[in-house]
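Here is a short round of questions and answers for the bench. Each answer works towards a single name or value.

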Amino acid sequence: MTFEYLNLHPQILKNIAAQGYVTPTPIQMQAVPLIDGRRDVLGIARTGSGKTASYVWPILDYRLTKRPTPPGRHPKVLVLVPTRELAVQVSEVFKTFAVGLPQDIMVMAVYGGVSINPQMKNLYGVDILVATPGRLLDLKRSSAVEISMVETLVLDEADKMLNLGFQSEMAEIFRLLPKRRQNLLFSATLNEELEGIKKVLLVNPTVIKIGESSTPKEDNPINLSGYFVSDDRKGPLLRHLIRDQEMKQVLVFTSSAKTADKVAHKLSKNGIDAKSIHGKKSQGARQSSLNAFKAGNLRVLVSTDLISRGIDIDDLPYVINYELPRSPKDFVHRVGRTGRADARGMAITFVTRQETHHFKVILKKMQRYMDMIDSDDLEF
Ligand code: ADP
Ligand code: MG
């Protein structure tokens, strides 16, 4: 199928072609017409399957059918995301596809960790606002933004947004939003039974569920493998793998900021270009490390789960779990940073003997099998 069937504005189609996309992905084929038709949608599809564009295109298309209203501080579209880096990325996708449209559609990302004043100033006239919940509420409290005229609400990484961690902020945001609105929820790990969803999606939503988590191994673009390794041999094993497999770009996940720093430091000391990224770094440092890594100018990025969700790195070949995540969901998102779009990827997981049970639970939830190598049999 080609993009013509999606009935999008010719300039949006032109912008899609400029990206080199040949066919819509399954979630795009199903979600675009429904969203254009103003339905509530619950979109569940694997990591890297193009969920962002599946809401960006019809949202832009719909804006073009509306007469522009006088500029103010009341965006018509609100996209909520869990991290600052994802807010930046999603706003960039909107901007990419809004190029050359017959109406100027203003897109802006707001998030914490940076000065609020420029955001307050620049919010005037914004049509599409991408935000993290905390900063959105701060801006609302300073009367820099009004969300009572939002026509479309998007929760990207919806399960995370409806999770305990965002509960009180989200409750406040829902109170400020108009009752009548379009709701769009997307995630790779969303359960349609999730309690919060019935509260959020008021008008009988259409559920789109692409594929099962039990994608057979041959069809799954992410190759999983693992090593049994003791804690004290993890560092040497990591360096061995990076050198031996000549990894040029690898994303390493740890479970704490402290370990992330330690691992990055040790790699650098051994001549492997590495930086860490986590919640204790300044926003400037976070974004510049991520940008360098995305651009292929940084060999290793060591991260906590901070960037496990949504972050899109073109053709990232390797993900390494230096430590296991607590939840199977986090595992899915971490390994989902590779094998995106049409690319294939390798995800390598380090497991200590003490973690065998927890590791089995993760595999069972994912309905995947993993070839394990005992690192005791390796010399490095
Ligand atoms: P998801 O949100 O489902 O994890 P993204 O929306 O971040 O995935 O998209 C993953 C990657 O796929 C991005 O790099 C994006 O540019 C690319 N992409 C999106 N749609 C298409 C398409 N129709 N054809 C080819 N690549 C696409
Ligand atoms: Mg996404």
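Q: Over which ring does the charged end of Arg353 sit, and how far from its centre?
A: This is a predicted model, and every value is computed from it. A charge counts as sitting over a ring within 6 Å of the ring centre and within 35 degrees of the ring normal. The charged end of Arg353 meets this rule over Phe228, at a distance from the ring centre of 4.3 Å.

Q: With which residue does the side chain of Arg353 meet in a salt bridge?
A: Arg353 lies in the loop between β13 (345-351) and α14 (356-366). The partner lies in strand β14 (residues 371-374), so the pair ties together parts that are 21 residues apart in sequence. The N to O distance is 2.6 Å, and the partner of Arg353 is Asp374.

Q: Is Asp374 buried, exposed or partly exposed?
A: Buried means under 20% relative accessible area, and exposed means over 50%. Asp374 has 22% relative accessibility, so Asp374 counts as partly exposed.

Q: Which four residues are joined into one network by salt bridges that share partners?
A: By the salt-bridge rule, the count comes to 13. Some of these bridges share partners and join into one network. Its members are Glu157, Asp159, Arg309 and Lys329.

Q: Over the face of which residue does Lys234 lie?
A: Lys234 also forms a salt bridge with Asp231, the closest N and O atoms being 3.4 Å apart. Lys234 is buried, with a relative accessible area of 2%, whereas Asp231 is exposed at 52%. At 5.5 Å from the ring centre, Lys234 lies over the face of Tyr322.

Q: In which helix do Arg141 and Asp138 both lie?
A: Their side chains meet in a salt bridge, 3.1 Å from N to O. Arg141 is exposed, with a relative accessible area of 51%, and Asp138 is partly exposed at 33%. The two residues are three apart, about one turn of the helix, and that helix is α6 (residues 133-141).

Q: How many salt bridges are counted between domain 1 and domain 2?
A: The domain assignment gives domain 1 (3-209) and domain 2 (222-377). Their C-alpha centres lie 29 Å apart. Contacts join 19 residues of domain 1 to 20 residues of domain 2. The number of salt bridges between the domains is four.

Q: Which three residues supply 36% of the area that domain 1 buries against domain 2?
A: The area buried between the domains is about 1600 Å², and carbon and sulfur atoms give 49% of it. On the domain 1 side, no other three residues supply more than Thr47, Glu85 and Gln89.

Q: With which residue does the side chain of Glu85 meet in a salt bridge?
A: A salt bridge needs a side-chain nitrogen of Lys or Arg within 4 Å of a carboxyl oxygen of Asp or Glu. For Glu85 the N to O distance is 2.7 Å, and the partner is Arg286.

Q: Which residue forms an aromatic pair with Phe3?
A: The count comes to eight aromatic pairs. In this one the ring centres are 5.5 Å apart with 85° between the planes, an edge-to-face pair of Phe3 and Trp57. It links distant parts of the chain, 54 residues apart: Phe3 is in the segment before α1 (10-18), and helix α3 (residues 51-65) holds Trp57.

Q: Which residues form one aromatic cluster with Phe3 and Trp57?
A: Phe3 counts as buried at 7% relative accessibility. Trp57 counts as buried at 0%. The other members of their cluster are Tyr21 and Phe97.

Q: Why does helix α13 count as largely enclosed by the rest of the structure?
A: Helix α13 spans residues 328-335. Its buried residues are Pro328, Asp330, Phe331, His333, Arg334 and Val335. The helix is largely enclosed because the buried residues number six of the eight.

Q: Is Pro325 buried or exposed?
A: Pro325 lies in the loop between β12 (318-321) and α13. Leaving out residues up to four places away in sequence, Pro325 touches Asp305, Asp330, Phe331, Arg334, His358 and Ile362. The relative accessible area of Pro325 is 1%, so Pro325 is buried.

Key:
Residues are numbered from 1 along each chain as its sequence is written. Chains are lettered from A and ligands numbered from 1 in the order in which they are written. This is a predicted model: local features need pLDDT of at least 70, side-chain atom pairs count only at pLDDT 80 or more; totals for chains, interfaces and linings use all residues. Side-chain values use heavy atoms; hydrogens and water are left out. Rings of Phe, Tyr and Trp (its six-membered ring) pair if their centres lie within 6.5 Å; planes under 30 degrees apart count as stacked, over 60 as edge-to-face and the rest as tilted. Helices (H or I, at least four residues) and strands (E, at least two) are DSSP runs, numbered from the N terminus. Buried means under 20% relative accessible area, exposed over 50%, partly exposed in between (1.4 Å probe, protein chains only). Domain bounds come from an automatic or database domain assignment. Contact means heavy atoms within 4.5 Å. Buried area is the accessible area (1.4 Å probe) that two parts lose on being put together, summed over both.
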